[in-house]
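Reader: I would like to learn how to read a ligand site in a model. Please take me through the ligand and the space around it.

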Amino acid sequence: MLIKRPDDILPSEITPRELFERRREFIKAAGAFALAAGLPPLALAREAFPSLQKGAHSTLEPPNSLRDITTYNNFVEFGFGGKSQPAERAGAMRTHPWTVSIEGLVHKPRTLAIEDILKIAPLEERIYRLRCVEGWSMVIPWVGFPLAALIKQVEPLGSAKYVEFITQTEPAAMPGLRLPYIDFPYTEGLRLDEALHPLTIMAVGLYGDVLPNQNGAPLRLVVPWKYGFKSGKSIVKIRFTDKPPRTSWNIAQPDEYGFYANVNPEVSHPRWSQEKERRIGEFFKRKTLPFNGYADLVAPLYAGMDLRKNY
Ligand code: MTE
């Protein structure tokens, strides 16, 4: 993967919580200004999630700082030039109006505006670990709802076995689209039972606010037991299929990135071990847990499968 390993992160890069609090004050003021200026509703969605339900399955580990989460990113549409590039460039992406088309093997195909998607199910805070295949991890307080609630809306046919996620291409805002390495649009896929699993969410925010563009605004998949690359950002289309969808990293480097991509310390990436990870902001590495620590909840999905072959 062109994405690099993070041996360069210093503990001093951790940002104190106070900075985030100050940002909230700023956002409140900006929201009042937007209201006066008649800006679109999603711009006002900042601070729109004040009374979130506490979702099940949240980790008790302390979340990474807002700064870590929003300035250390992978989003190749904005370039391959380093972790800060998405934060520097993604502001140019238009996220409103935004619709998501849900199609393929379903009884009720639909095109939903993001405003309607926000109403599908009560929003929850889910604090999940994210483990990147590069060897770093974070804890992120997402705002989202179970993907299963969205799937229910379209009533998949009995023949639907997989779900494909297709993400935004906006050439004027995304210089990375011109690079030959990935066959854009960036796509990801899940088995239908993985997509329906209660741990799988569609994220619309983090730390109580709408998603910053670099984290996949306005709608992003989060599958916490899989490597981070499975979590497609800025989704515009969801398609139900009977065959495994082709996925961007798998097309780019099939011997390195399989369809399943479950976090597995026993299966090394061909160029590095997956046994340990560095939590962003920490100095010492920690052991990587099978299924990123969610084995009790998801291991049964793979009963009887050879997880070395199905990497
Ligand atoms: N989604 C899109 N559309 N484009 C991308 O390049 N990168 C993936 C995933 N989703 C990516 C994407 C990878 S490799 C990772 S590790 C995670 O997003 C990173 O999410 P984060 O930047 O919010 O930590």
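Author: What follows covers the cavities, then the ligand. This is a predicted model in which local features need pLDDT of at least 70 and side-chain atom pairs count only at pLDDT 80 or more, while totals for chains, interfaces and linings use all residues. Residues are numbered from 1 along each chain as its sequence is written, and side-chain values use heavy atoms, with hydrogens and water left out.

Reader: How many cavities of 30 Å³ or more does a search of the whole structure find?

Author: A cavity is a set of points, on a 1 Å grid over the protein atoms alone, where a 1.4 Å probe fits but cannot get out; lining residues have an atom within 4 Å of a point. A volume is the space filled by probe spheres set on the points, which are joined across faces, edges and corners. Here the search finds two. The largest has a volume of about 320 Å³, and the second largest about 50 Å³.

Reader: Where does the ligand sit?

Author: A molecule sits in a cavity if more than half of its atoms lie within 2 Å of its grid points. The ligand sits in the largest cavity.

Reader: Which polar contacts does the ligand have with Ser-231 and Thr-167?

Author: A polar contact is a pair of N or O atoms within 3.5 Å. A polar backbone atom of Ser-231 is 2.8 Å from a nitrogen atom of the ligand. For Thr-167, a polar side-chain atom lies 3.4 Å from a ligand nitrogen atom.

Note on methods. Polar contact = N/O pair within 3.5 Å; in protein donor to acceptor, adjacent residues only side chain to side chain. 1 Å grid on protein atoms, 1.4 Å probe; cavity = no way out; pocket = protein on both sides within 12 Å on 5 of 7 lines; lining within 4 Å.
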